[in-house]
Amino acid sequence: MFDDAIEEFWEWWAEVREGLAAAIEAEAESDLLEALTDHVWRIHPELDWQLAPGIAATHSLNLVSGGSRLMRLVAELWRRTGPGDDDLWEYHPARLPFPPEAFIVRGEEVDPDDTHVEITPDQTFRRLDMVVSHPVFGSVGEDEARDVALYLLDAALGEDEAERWVGLLTTAADGGSIALVDLATTVERLVDGWEGHGWEDVSDQYDGVVEAQVDRSIKWIDHIDKPIYAEVTLQSLTNDAEGMPVELERQRLDSITRDLTDALGDRAVLMGAATGDGERSLHLYVANSPSVGETIAAWKDANPNREIDDELQADEQWAYAEQWD
């Protein structure tokens, strides 16, 4: 769907990349900026672009998805099919941090220097709940205030880092102790050491006697390369009167589960598991690769004494994961 426009973009880019770099370095106006917008919008009109100093290269060209997971996936495809970074240009599928300038919302000036943030860490979700405050939020609507807050967070953190770490977001007209300019270093300090998993018991979401856990710490942005939702159901062979596996059978199920996740390795991430009613269901996101299906088939063959069902379906935006939110 997007392949032709992306291919056309990179063909055009090969012809203009040096000229645009020269215009930037000379601080000269260039018609190439309008052409850049046109070529990006041919990929999708909801995409935007950013030119910025590179991290390793002299310049960077970055696509901006505006918080849309679909657009972020398109930007990822754009980057992966591009020429790769060199000394002159590097390419990012998300907006990098940038120093925002003052702008107008409903006739009111939004000075980024007047922005402050209050942060409450959420250890389970491995996210930071934030209250973003600015005086203008007292005179604009809630939706506009939220849009402004998201824009300022993108400026301070970059799109991907904002997606990764910002949890519950609210706005206020005043308050907050962290200046916007200090937000990135504060976030880096707060999340330092957040490792391992954030397993949480969600058994109460099920009817009957069921033990269920979900890993709240897993983030879509860290697993864009896993667009396939997989549900695998294993029969439990020996159960008590309530349909729960006896202890030895529970140990067998745990071992079989580890066998699968170990075999899949970094091609999969286990989101959650539920045990009850004579079975265990595993919920994973996996890479779009034939080897994943082959690995699951081999694992099933290695356990011929129990019924195992598996269902895989495309879910690039992780819609199924919302059942555990």
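1. Let me start with a hairpin. Strand β6, residues 116-122, pairs with β7 in the antiparallel sense, and 7 bridges hold the pairing. Please keep in mind that this is a predicted model. Two of the facing positions are easy to find on screen: Glu-118 stands opposite Val-131 of β7, and Ile-119 stands opposite Met-130 of that strand. Between β6 and β7 the hairpin has 4 residues, and there Arg-126 takes a positive phi near 55°.

2. On its other pairing, β6 meets β9: these strands run antiparallel and are joined by 2 bridges. Here Val-117 has Ile-178 of β9 as its bridge partner. Put together, the sheet is open, has 4 strands in the order β8-β7-β6-β9, and its pairing is mixed. The edges are β8 and β9 (178-179), each of which pairs on one side only. As a general reminder, strands of a sheet pair through backbone hydrogen bonds, either parallel or antiparallel.

3. A helix belongs in this picture too. α4 lies across β7 and β8, and its direction runs at about 125° to β8. You will meet α4 again at the largest pocket, where it gives 5 residues, the largest share of the lining.

4. Now to the other sheet worth a look. It is open, with 6 strands in the order β10-β11-β13-β14-β12-β15, and the pairing is antiparallel. The edge strands are β10 (199-201) and β15 (308-314), each pairing on one side only. On average, neighbouring strands of this sheet are turned by 20° against each other, direction ignored.

5. At the β10 end, 3 bridges join β10 to β11, and the two run antiparallel. Glu-200 stands opposite Val-214 in β11, while Asp-201 has Gln-213 in β11 as its bridge partner. Moving along the sheet, β11 and β13 also run antiparallel, joined by 5 bridges. One pair to pick out there is Glu-211 with its bridge partner Thr-275 in β13. When you look at such strands, it helps to remember that in a regular strand the side chains alternate between the two faces of the sheet.

6. Which helices pack on this sheet? One is α7 (residues 247-264), which touches β11, β12 (228-235), β13 (268-276) and β14 (279-286), with its direction at about 15° to that of β14. Another is α8 (residues 290-301), which touches β12, β14 and β15, with its direction at about 170° to that of β15.

7. A residue I would zoom in on is Arg-250, found in helix α7. With which side chain does the side chain of Arg-250 make a polar contact? The partner is Glu-211, at 2.8 Å. This is the Glu-211 whose bridge partner in β13 is Thr-275. Leaving aside residues up to four places away in sequence, Arg-250 touches Glu-211, Met-244, Pro-245 and Arg-280.

8. On to the pockets. The largest pocket holds about 1100 Å³ of space. It is lined by 38 residues, and the closest to its centre are Arg-69, Arg-127, Glu-163, Val-166 and Gly-167. Two or more lining residues come from each of α3 (69-80), β7 (127-133), α4 (142-157), α5 (159-165), β8 (166-172) and β11 (210-215). Both sheets are therefore represented here, as β7 and β8 belong to the order β8-β7-β6-β9 and β11 to the order β10-β11-β13-β14-β12-β15, with strands taken as DSSP runs. By class, the lining divides into 16 nonpolar, 5 polar and 17 charged residues.

9. The second largest pocket has about 390 Å³ of space. Of its 15 lining residues, Leu-73, Arg-80, Ile-224, Pro-227 and Glu-316 are the closest to the centre. Which helix gives the largest share of this lining? That is α3, with 6 residues; α3 is also among the elements that give two or more residues to the lining of the largest pocket. The classes here are 9 nonpolar, 2 polar and 4 charged residues.

How values were computed: Residues are numbered from 1 along each chain as its sequence is written. This is a predicted model: local features need pLDDT of at least 70, side-chain atom pairs count only at pLDDT 80 or more; totals for chains, interfaces and linings use all residues. Side-chain values use heavy atoms; hydrogens and water are left out. On a 1 Å grid over the protein atoms alone, a cavity is a set of points where a 1.4 Å probe fits but cannot get out, and a pocket is an open set with protein on both sides within 12 Å along at least five of seven lines; lining residues have an atom within 4 Å of a point. Grid points are joined across faces, edges and corners, and a volume is the space filled by probe spheres set on the points. Ala, Val, Leu, Ile, Met, Phe, Trp, Tyr, Cys and Pro count as nonpolar, Asp, Glu, Lys and Arg as charged, and the others, Gly among them, as polar. Two strands pair if DSSP finds at least two bridges between them. Axes are lines fitted to C-alpha atoms, for helices over the stretch in contact, and angles run from 0 to 180 degrees between N-to-C directions. Contact means heavy atoms within 4.5 Å. A polar contact is a pair of N or O atoms within 3.5 Å; within protein, one must be able to donate a hydrogen and the other to accept it, and residues adjacent in sequence count only if both atoms are side-chain atoms.
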